[in-house]
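Student: Could you take me through one part of this protein up close? I'd like to see how a single piece sits in the whole.

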Amino acid sequence: MQSSPFTPGSTVFAVLPDTQYYALGYPGLLDMQAWWISQKAEELGIAYVFHLGDIVHNNTDLEWERASAAMSLLDGVVPYALVPGNHDYGPSGAATSRDSGLNEWFSFADAAAAPSFGGAFEAGKLDNTYRLFEAGGHAWIALLLEWGPRDEVVAWADAVMTAHPDRLGILVTHAYLDNDDIRQDHTDELHPQKHNPHDYATPGSVNDGEELWQKLVRRHRFVMTLSGHILGDGTGYLASVDDQGRVVHQMLANYQMRAVGGEGYLRLLELMPDGRTVHVRTYSPLLDRYLVDADQQFTIELDVD
């Protein structure tokens, strides 16, 4: 299945959801995704690559080595940023601690040296960072938060956004939206959920999607949120109005339930030259195929006025 052609002069954000099974058993597919992005970066105008977490499955050195090698194909080609998911933490990826191979296999120093690097919650750790960059005629801030962000992380993120009120925000975090198009909410008894961060043994405080909306997203100039984690059909979309009356587009994408850990599918967000229209596409470089179902290919309008 094909999609409409990309428009010359547009800007693309590439989104890599849940590569855990690639790192575990199909490392060539993660290599292929990164290689394809690197080859298409100039042609498509790819401005940034965001990884939605669950980079690996069991938090082992072998998996991290594979993931690090794959993502290094983007070095010097297109900037990228990652967030850790639950499988990136704890023994066997059980998220029973916040210990991770992330900062052993991905260099904080290299990330911090990049022109777009804004800062980190903890020095030397990539778990919570923000990036500042220009693309598509806008000044952006990408806020990248850990699995089930701790209260102190949310407070830090709130302060970061307060300091950058004129930038368009993108929140990237592993767990936020459910596949029923509702934010994850551990207090919601009407909509049964699985895999809410509160259901795990992750130590300390955690915040789910609804808590992040109330404490952070609705208060600032976010135009979109990007998350993975949830199974089922692995897709979700929700438009909500923030405290300033602006629309926030919240999107879930996760393909790990498909064959060979995801069939290589990734998301491509094409921001048109008008600076507001975004065509959301789902593409597999393995199959050279687009998914064109209504929840996989659609168009949104960013509230940029």
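Student: Before we zoom in, what share of the contacts in the protein with a separation of 6 or more comes from residues 24 or more positions apart? And then, what do the buried residues of helix α6 pack against?

Tutor: Keep in mind that this is a predicted model. Your opening question has a neat answer: 69% of the contacts with a separation of 6 or more are between residues 24 or more positions apart. The protein has seven helices and 14 strands, and 59% of its 305 residues are buried. Its radius of gyration is 17 Å, which agrees with the value near 19 Å for a compact globule of 305 residues.

Now for helix α6, which runs over residues 151–162. With 12 residues at 1.5 Å a residue, helix α6 should span 16 Å, and its end C-alpha atoms are 17 Å apart, so the two agree. Which of its residues are tucked away? V153, V154, W156, A157, D158, V160 and M161 are buried. Here's a handy bit of background: an α-helix has 3.6 residues a turn, so residues three or four places apart point the same way. As for partners, the buried residues of α6 pack against five strands and a helix by name: β4 (117–120), β5 (129–135), β6 (138–145), β7 (168–173) and β8 (222–227), plus α7 (209–215).

For another spot, look at Q20 in helix α1. Q20 counts as buried because its relative accessibility is 1%. Beyond its neighbours within four places in sequence, Q20 is in contact with residues including D54, H87 and Q256.

How values were computed:
Residues are numbered from 1 along each chain as its sequence is written. This is a predicted model: local features need pLDDT of at least 70, side-chain atom pairs count only at pLDDT 80 or more; totals for chains, interfaces and linings use all residues. Side-chain values use heavy atoms; hydrogens and water are left out. Helices (H or I, at least four residues) and strands (E, at least two) are DSSP runs, numbered from the N terminus. Buried means under 20% relative accessible area, exposed over 50%, partly exposed in between (1.4 Å probe, protein chains only). Contact means heavy atoms within 4.5 Å. The expected span of a helix is 1.5 Å times one less than its number of residues. The radius of gyration is taken over C-alpha atoms; the globule rule is 2.2 Å times the number of residues to the power 0.38.
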